[in-house]
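Work through these exercises with the model open beside you. Try each task before you read its solution.

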Amino acid sequence: MTAEKVKVLIIGSGPAGYTAAIYAARAGLSPVLFTGGQPGGQLTTTNDVENFPGYPEGINGPQMMIDLQKQAERFGTKVEFVLVTSVDFSGYPFKVTVDEKKVIEAESVIIATGATAKYLGIPSEEKFANKGVSACAVCDGYFYRGKEVAVVGAGDSAAEESTYLSKLCSKVHLIVRRDEMRASKIMQQRVLNTPNIEVHWNSSTEEILGDESGVTGARIVNSKTGEKKELSVQGFFLAIGHKPNTDIFKGVITMDEAGYIKVVPGSTATNVEGVFAVGDVADRVYRQAITAAGTGCMGALDAEKFLAAKEAELVH
Ligand SMILES: Cc1cc2nc3c(=O)[nH]c(=O)nc-3n(C[C@H](O)[C@H](O)[C@H](O)COP(=O)(O)OP(=O)(O)OC[C@H]3O[C@@H](n4cnc5c(N)ncnc54)[C@H](O)[C@@H]3O)c2cc1C
């Protein structure tokens, strides 16, 4: 059986993947995009996206992703609802296996597999997802203007998200598991010097409380004293890290210690020539739909340039 051959293969269907697809398709490269297990990516888990330029009234996350898919398909992108289970970038063209059986040969690959926010794993967290529980302060903080919120975490993200929220919200309760934070000294100082941030040391969340309207509080427990407290909050923000979706690229693509793909600064090039990484999978800093889309565009342009150079090589 001959393997299916593709010029540009895009792995992932978030804003990065679809933007790469729009650009590659309009460049006549007939891209194929594999959606993975979460068609539309992270934004399909949120109702209101208010910070993506071009939508003055905001847009529902799943709707935005349907629109992006339609736009990519309009120019000839082939969207396939499959999961990439392994890759072989040791030869050329590259080999990519989907659903553990079908092998596709690709002349260039754009990795857009995103990252997944870590959650505490308590049932009430799921119950109030989109109703007060959020893993992105920059995305959702605005909805809690003037209200009390809680942030869970102890690293730089938690410190950053707490200070960000302290400017919008009346009070921020920072829930820290141990008696110290992992954040850099300067970030910690910023937290401790902000009057409307209260740090709850040695504390973990037992339950997020709420009703049909959403989150109304959080019950925390002090691991040293056993004391339980109910915080009256309307927003509950997780800042305990993200896991980039890069397991299938381990040992093949160069990553940092957290598993984010390393790209050549100012481009989307990875350590494998012809393989590019775009969106949250290569971005531990910004992690926004617009930055993902921006690098998706870069990835398609980088792939196009790579393919043109390959073609020129063959001619000469
Ligand atoms: C609840 C929530 C609310 C948010 N709100 C906002 C907001 O209001 N504004 C904003 O700018 N940002 C927001 N974000 C952040 C935003 O969603 C991300 O920055 C953005 O989606 C990243 O896009 P991406 O294309 O890099 O990856 P993702 O959206 O993470 O998509 C990754 C894609 O890769 C696919 N994939 C993974 N592994 C494989 C595989 N093995 N094979 C094939 N496909 C695979 C997945 O199925 C998925 O389609 C929010 C995030 C969350 C979780």
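**Exercise 1. Is Thr35 buried or exposed, and what surrounds it?**

Solution. Start with the ground rules. This is a predicted model, in which local features need pLDDT of at least 70, side-chain atom pairs count only at pLDDT 80 or more, and totals for chains, interfaces and linings use all residues. Residues are numbered from 1 along each chain as its sequence is written, and side-chain values use heavy atoms, without hydrogens and water.

Step 1: check accessibility. Thr35 has a relative accessible area of 4%, so it is buried. (Buried means under 20% relative accessible area, exposed over 50%, and partly exposed in between, with a 1.4 Å probe and protein chains only.)

Step 2: place the residue. Thr35 sits in the loop between β2 (32-34) and β3 (48-49). (Helices are DSSP runs of H or I with at least four residues, strands are runs of E with at least two, and both are numbered from the N terminus.)

Step 3: list the neighbors. Leaving out residues up to four places away in sequence, Thr35 touches Gly12, Ser13, Tyr18, Val79, Glu80, Phe81 and Val82. (Contact means heavy atoms within 4.5 Å.) Take Phe81: 46 residues separate it from Thr35 in sequence, yet their C-alpha atoms are 5.1 Å apart.

**Exercise 2. Describe how the protein surrounds the ligand.**

Solution. Step 1: find the nearest residues. The ligand has 33 residues around it, and Ser13, Thr35, Gln38, Asn51 and Ala289 come nearest. (A residue is near a molecule or strand if one of its heavy atoms lies within 4 Å of it.)

Step 2: read the polar contacts. A polar backbone atom of Thr35 is 2.7 Å from an oxygen atom of the ligand. For Asp280, a polar backbone atom is 2.8 Å from a ligand oxygen. Gln288 uses its side chain: a polar atom there lies 3.1 Å from an oxygen atom of the ligand. (A polar contact is a pair of N or O atoms within 3.5 Å; within protein, one must be able to donate a hydrogen and the other to accept it, and residues adjacent in sequence count only if both atoms are side-chain atoms.)

Step 3: check the cover. Alone, the ligand exposes 1,000 Å², and the protein buries 94% of that. (Areas come from the Shrake-Rupley method with a 1.4 Å probe; for residues, only the protein chains shown count as cover.)

Step 4: name the contributing elements. Those that give two or more residues to the shell are α1 (15-26), β3 and α7 (289-315).

**Exercise 3. Which residues have the most contacts inside the largest nonpolar core?**

Solution. Step 1: read the core. It has 30 residues, and Val8, Ile10, Tyr18, Met64 and Ile110 have the most contacts inside it. (A nonpolar core is a set of buried Ala, Val, Leu, Ile, Met, Phe, Trp, Tyr and Cys residues joined through side-chain atoms within 4.5 Å.)

Step 2: trace the elements. β1 (4-11), α1, α2 (61-74) and α7 each give two or more residues to this core. α7 gives the most, with seven residues.

Step 3: inspect one member. Beyond four places in sequence, Met64 touches Leu43, Val49, Phe52, Tyr55 and Ile59.

Step 4: look for another core. A second, separate core has 24 residues, including Val84, Phe94, Ile111 and Ala277.

**Exercise 4. Locate the backbone features in the loops.**

Solution. Step 1: find the cis bond. The peptide bond from Tyr92 to Pro93 is cis, with omega near 0°. Pro93 is in the loop between β6 (84-88) and β7 (94-98).

Step 2: find positive phi outside glycine. Glu100 has phi near 65°. Its loop runs between β7 and β8 (102-111). Glu100 counts as exposed because its relative accessibility is 68%. Asn130 has phi near 70°. Asn130 lies in the loop between α3 (123-127) and β10 (133-134). At 36% relative accessible area, Asn130 is partly exposed.

**Exercise 5. Where does Asn222 lie, and what does it touch?**

Solution. Step 1: place the residue. Asn222 is in strand β15 (residues 214-222). Its relative accessible area is 18%, so Asn222 is buried.

Step 2: list its partners. A polar side-chain atom of Asn222 lies 2.7 Å from the backbone nitrogen of Lys224. Beyond four places in sequence, Asn222 touches Trp201, Asn202, Ser203 and Glu227.
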